[in-house]
Amino acid sequence: MTIDPVKLDKLAQVAIKVGLQLAEGQDLVMTAPMTAAPLVRRITEHAYKAGAGLVTTIYSDEESTLARYKHANAASFDKAAGWLYSGMAEAFRNNAARLAIAGDNPMMLSGQDPDKVTRAMRANSAAYKPALQLITGFDINWNIVSYPSAAWAKLVFPNDSDEEAVSKLADAIFKASRVDQEDPIAAWKEHNANLKKRWTWLNGKSFASLKYTGPGTDLTVGLADGHRWKGGASEAKNGITCNPNIPTEEVFTTPHKLRVEGHVSGTKPLSHNGALIEDMQARFEGGKLVEFKASKNGDLFNKVLDTDEGGRRLGEVALVPHSSPISASGILFFNTLYDENASCHIAQGQCYSDCFVGGKDLTQDQISAQGGNTSNIHIDWMIGSDKIDIDGVHADGTTEPVMRGGEWAN
């Protein structure tokens, strides 16, 4: 497989020095597919060079996962490794950093029984919640990066040989992650500064809601009381500034779970749990997604939305210019980490408590009272394009342009 070892090493350095800004003596909990071992080894090396206490990696394996769907008894799909997630939560409470390497085949479960997939996902989400809340609550520094596995690469570039597909996907990952540049760390510093200008402007406006208009879209997303916009580098509750997502092109905040009205059309397919959900259309009333349709796998996504009470309400709204590098690449990555950074998007489910003024000190009840949503799921789907206009709506009803034709209006 043709993966530039120099750029792969730079990606590992960016994960530690930009993504996590790992602190001296801090432990690191990493999850990764076995195929990503070359990147895991480089990240582990750079973590210890940065003074890590202990690096622990938990590997997943596609063949082992599929064996469960082929041979496990029915009761298996209502179980999850709660003991593992409890241990991860304990590590995070003790200030361990979290790093996830994405690289699994996004369509791995496409041929499996949708009911089993949904049940397994629901059980896993419930078991993972204690650890997930520490991540979404930004208690610790965390980061996601990606590795170009052959199965994923062939999905993105189906007409190429395995080697060519991996090489192309690797190059796309390196470019999106800014490690194709001579000094990636300096490039990230500049990029974070540009994102900060955007969210600083939005925070200064304190819009009550955002109004989206375009083909198949007439949507008003109310923003949570006391919301704040973020993007790029952020300071976690443990005092460490990190870049949770590499790559990232978004600025984002928390919508009000009761104040979303209208209809919206998806602008890119959503790859979720082995299914590609296409031509998504949704209607919201009183903050709740009351009607959802898709030309493909709509029934499956409706089941996911019914995971819990908060699944049909929004937990995130994010703005991304249509001209973002990931959008400009023209590549559908079948991976939300990338595809969400090609387009404005919204997320069903759990909100980020740090997207509130003083969010680090708010209780869950206070966050809920201000409009923050709670759920076991957090699923982003793309609603932006070069045909979408967005206006900021002030509390007095006056409006001003935020985006025109998918680009920043100022």
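Let's start in the sheet: strand 3 (residues 97-102) and strand 4 run parallel and are joined by 5 bridges, with strands counted as pairs if DSSP finds at least two bridges between them. Helices (H or I, at least four residues) and strands (E, at least two) are DSSP runs, numbered from the N terminus. This is a predicted model, in which local features need pLDDT of at least 70, side-chain atom pairs count only at pLDDT 80 or more, and totals for chains, interfaces and linings use all residues. Residues are numbered from 1 along each chain as its sequence is written, and side-chain values use heavy atoms, leaving out hydrogens and water.

The open sheet has 4 strands in the order 2-1-3-4, with parallel pairing. Strand 2 (55-60) and strand 4 (142-146) stand at the edges with a single partner strand each, so one side of each lacks a neighbour in the sheet. From one strand to the next, the twist averages 15°.

Two helices meet this sheet, where contact means heavy atoms within 4.5 Å and angles run from 0 to 180 degrees between N-to-C directions, with axes fitted to C-alpha atoms, for helices over the stretch in contact.

| Helix | Strands touched | Angle |
|---|---|---|
| Helix 1 (residues 5-20) | strand 1 (28-33), strand 3, strand 4 | about 155° with strand 4 |
| Helix 4 | strand 1, strand 2, strand 3 | about 140° to strand 1 |

Helix 4 (residues 82-93) also meets helix 5 (residues 114-136): their axes come within 9 Å and cross at roughly 5°. The two helices are therefore roughly parallel to each other, the term for angles under 35 degrees. Among the residues making this contact are Y85 and F92 of helix 4 and Y128 and L134 of helix 5.

Methods. Parallel < 35°, antiparallel > 145°, perpendicular 65-115°, else oblique.
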